[in-house]
Amino acid sequence: EDEEDEEESVMMAVVELLCAALKTHGEALVPWIQGNLLPFYGQLLAPARPAGDKSAALCVLVELVEHGGAAAAPLAANIVAACLTYAQDTTPNVRRAACYGLAVCAGKAGAGFAESAQQALGQLHAVVAAQGSREEENKEATDNAIDAIGRICKHHAATVDTAQVLPVWVAWLPLTADEECAQASHAMLAELIEAKHPAALQQAGKVREVVQAVMAQDKAFAPQELKDRLSAAVAILA
């Protein structure tokens, strides 16, 4: 077990280095990763591989989409497929990585994601609705699923029925486990209020409760700028 833990630590250290390099070099690094590392990370996604391998592989693939620009576009459909495969995985860390991947792909993959948007919504909804989804070990994966649903509605409104999905999404807020997801989702809530979207206006009481909860969060979850924006936006509901 100690040896497995050590291997997983080394794997994640390599992943962190690769992710940092992608953030720095972006598109220029994609051909090298595609030629030298992609087959290896593809093998790590095999069903029989340990959860740590799958999480590591998903992290690298998602970073390719997020920072790889046009060079990563041809890879997007396969990366979305990998995220869909593991979005409902029984291991929380794998599920979290896959749901995060769907959130990133929704915003960055464009047409490479659009044809999978409806399928992604179905799987993500199942993650949130699953028994125990708000229990401690599952909270972060669930936050990532909720954030991903919001991003799909934002970036693929022509493909999905946002009038049906967004009211449910608002009802799932606030997010309290994953800082990045909380900031992104609560900023999107501010956008909905500012746009006087029916999903916000028709649930004014719930929206006020969410905003009040966000105001009580620390700055890692809710920077002052976000709190100020929400405070100004919620006045629209008065």
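**Close-up 1. Tyr41 and its ring partner Phe40.** In this predicted model, Tyr41 has a relative accessibility of just 2%, so Tyr41 counts as buried, since buried means under 20%. Is Phe40 buried, partly exposed or exposed? Phe40 comes out at 36%, and therefore counts as partly exposed. The two rings form an aromatic pair, with 5.2 Å from centre to centre. Their planes stand 65° apart, an edge-to-face arrangement. Searching the whole structure turns up 1 aromatic pair, and you are looking at it here.

**Close-up 2. The largest pocket and its lining.** This pocket holds about 530 Å³ of space. Which residues sit closest to its centre? They are Met12, Cys59, Arg96, Ala97 and Tyr100, out of 22 lining residues. Helices α1 (2–25), α4 (51–67) and α7 (92–108) each give two or more residues to the lining. The most comes from α4, with 7 residues. Sorted by character, the lining has 8 nonpolar, 6 polar and 8 charged residues.

**Close-up 3. Helix α14 and its two sides.** Try a quick check on this helix, which covers residues 204–215. Its 12 residues, at 1.5 Å a residue, should span 16 Å, and the end C-alpha atoms are indeed 16 Å apart, so the two values agree. Now find the buried residues of α14: Ala204, Val207, Val210, Val211 and Val214. Seen down the axis, these buried residues fall within an arc of 120°, so they line one face of the helix. Why might such spacing work? An α-helix has 3.6 residues a turn, so residues three or four places apart point the same way. On the face turned away from the buried side, look for the exposed residues Glu209 and Gln212.

How values were computed:
Residues numbered from 1 in each chain as written. Predicted model: local features only at pLDDT ≥ 70, side-chain atom pairs only at ≥ 80, totals over all residues. Heavy atoms only, no water. 1 Å grid on protein atoms, 1.4 Å probe; cavity = no way out; pocket = protein on both sides within 12 Å on 5 of 7 lines; lining within 4 Å. Points joined across faces, edges and corners; volume = space filled by probe spheres on them. Helix = DSSP H or I, 4+ residues; strand = E, 2+ residues; numbered from the N terminus. Nonpolar A, V, L, I, M, F, W, Y, C, P; charged D, E, K, R; others polar. Phe/Tyr/Trp six-rings, centres within 6.5 Å; stacked < 30°, edge-to-face > 60°. Buried < 20%, exposed > 50% of the residue type's maximum accessible area, 1.4 Å probe, protein only. Expected span 1.5 Å × (residues − 1). Arc of directions from axis to C-beta.
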